[in-house]
Amino acid sequence: MPKRILQGTVVSDKNEQTVTVLVERRFTHPVLKKTVRSSKKYRAHDAANEFKVGETVRIQECAPISKSKRWEVVGRV
């Protein structure tokens, strides 16, 4: 089964080998027919500590690395 790949912005890099990525999605509201923005934060594994706050990155699903990390950074966009 293919792994999901999401694109988002790094909002925190304070933890060792971990970045917090804010992923925003847009969809049309079923009743109001208005475009709605929804966002979610994911913790992703960054082994080399190379990604900094403000960068746009791609993250991919992976096996659980820790309690909160189920994603890994693939690279910059």
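## Strand pairing and salt bridges: worked exercises

I5 has Q60 as its bridge partner in β4. This is a predicted model, where local features need pLDDT of at least 70, side-chain atom pairs count only at pLDDT 80 or more, and totals for chains, interfaces and linings use all residues. Residues are numbered from 1 along each chain as its sequence is written, and side-chain values use heavy atoms, with hydrogens and water left out.

**Exercise 1.** Work out in which sense β1 and β4 pair, parallel or antiparallel.

*Solution.* Start with the terms: strands are DSSP runs of E with at least two residues, numbered from the N terminus, and two of them pair if DSSP finds at least two bridges between them. Next, locate β1 at residues 5-12 and β4 at residues 56-61. Their pairing is antiparallel, over five bridges.

**Exercise 2.** Find the bridge partner of T9 in β2.

*Solution.* First, note that β2 (residues 18-28) pairs with β1 in the antiparallel sense over three bridges. Within β2, T9 is partnered by L22. Then look at the hairpin: five residues lie between these strands, and Q17 takes a positive phi near 60°.

**Exercise 3.** Explain what the salt bridge of E61 and R4 ties together.

*Solution.* Apply the criterion: a side-chain nitrogen of Lys or Arg within 4 Å of a carboxyl oxygen of Asp or Glu. The E61 and R4 side chains meet it at 3.0 Å, N to O. E61 lies in β4 and R4 in the segment before β1, so the contact ties together parts 57 residues apart in sequence. The count by this rule is five salt bridges.

Conventions. Helices (H or I, at least four residues) and strands (E, at least two) are DSSP runs, numbered from the N terminus.
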